[in-house]
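User: Could you take a close look at the nonpolar core of this chain and at the sheet around it? I would like one connected account rather than a list.

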Amino acid sequence: MRLKPLGDRVVVKVIQAEEVTKGGVILPGTAKEKPQQGEVVAVGTGQYIDGKKVELEVKVGDRVIFSKYAGTEVKLDGEEYLLLRESDILAIVE
């Protein structure tokens, strides 16, 4: 099964945070924060602003940082994805 986002929406594969701190402390699942980085796996077709179609700035393969509580979580084939609007993406990691 595949996800095809509509309009200005983006599908991001969540990149899990490390489970061990730099000091070697192993974090239990409840102590970890929600990851805020991911890789774009699909993008919508864009949105219309003032009657003109505007393409999305992000593209498939971009590594991005997104808002902490953004989007809708989706599990597909055992993988965790976020479906969010492009405006919820804060930056592209280069």
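**The core and its sheet**

Analyst: In this predicted model, the largest nonpolar core has 11 residues in all, namely Val10, Val12, Val14, Val40, Leu56, Val58, Val64, Phe66, Leu82, Leu84 and Ile89. Two or more of these residues come from each of the elements β1, β5 and β7, and the largest share, 3 residues, belongs to β1. As a general matter, nonpolar side chains in soluble globular proteins tend to be buried together.

The strands that supply this core can be placed in a sheet. Six strands, in the order β6-β7-β1-β2-β5-β8, form an open sheet whose pairing is antiparallel. Its edges are β6 and β8 (89-93), each of which pairs on one side only, and neighbouring strands are turned by 40° against each other on average, direction ignored.

Within that order, strand β1 (residues 9-14) is joined to β7 by 5 bridges, the two strands running antiparallel, and Val11 of β1 has Leu83 as its bridge partner in β7. Strand β1 also pairs with strand β2 (residues 37-43), again in the antiparallel sense and over 5 bridges, with Val14 standing opposite Gly38 in β2. Further along, strand β5 (residues 63-66) is joined to β8 by 4 bridges, and these two strands run antiparallel; here Arg63 stands opposite Val93 in β8.

Two nonpolar residues of these strands deserve a separate look, beginning with Leu83. Leu83 lies in strand β7, yet it counts as partly exposed because its relative accessible area is 32%, whereas a residue of the core has to be buried, that is, under 20%. The core list does include Leu82 and Leu84, and in a regular strand the side chains alternate between the two faces of the sheet. Although Leu83 and Val12 are 71 residues apart in sequence, their C-alpha atoms are 6.5 Å apart in space. Leaving aside residues up to four places away in sequence, Leu83 touches Pro5, Arg9, Val10, Val11, Gly71 and Thr72, and of these Val10 is named in the core.

Ile65, in strand β5, can be read in a similar way. Its relative accessible area is 30%, so Ile65 is partly exposed, while Val64 and Phe66 are both listed in the core. The C-alpha atoms of Ile65 and Gln36 are separated by 5.6 Å, although the two residues are 29 residues apart along the chain. When residues up to four places away in sequence are not counted, Ile65 touches Gln36, Gln37, Ile89, Leu90, Ala91 and Val93, and Ile89 is one of the core residues.

Away from the core, two loop residues are worth a note on backbone geometry. Most residues other than glycine have a negative phi. Asp50, in the loop between β3 (47-49) and β4 (52-54), has a phi near 55°, a positive value in a residue other than glycine, and Asp50 counts as exposed because its relative accessibility is 77%. Asp77 is found in the loop between β6 (72-76) and β7 (79-85); its phi is also positive, at about 55°, although Asp77 is not a glycine, and with a relative accessibility of 65% Asp77 counts as exposed.

Terms used:
Residues numbered from 1 in each chain as written. Predicted model: local features only at pLDDT ≥ 70, side-chain atom pairs only at ≥ 80, totals over all residues. Heavy atoms only, no water. Buried < 20%, exposed > 50% of the residue type's maximum accessible area, 1.4 Å probe, protein only. Pairing = 2+ DSSP bridges. Axes fitted to C-alpha atoms, helices over the stretch in contact; angles between N-to-C directions. Core = buried A, V, L, I, M, F, W, Y, C linked by side-chain atoms within 4.5 Å. Contact = heavy atoms within 4.5 Å.
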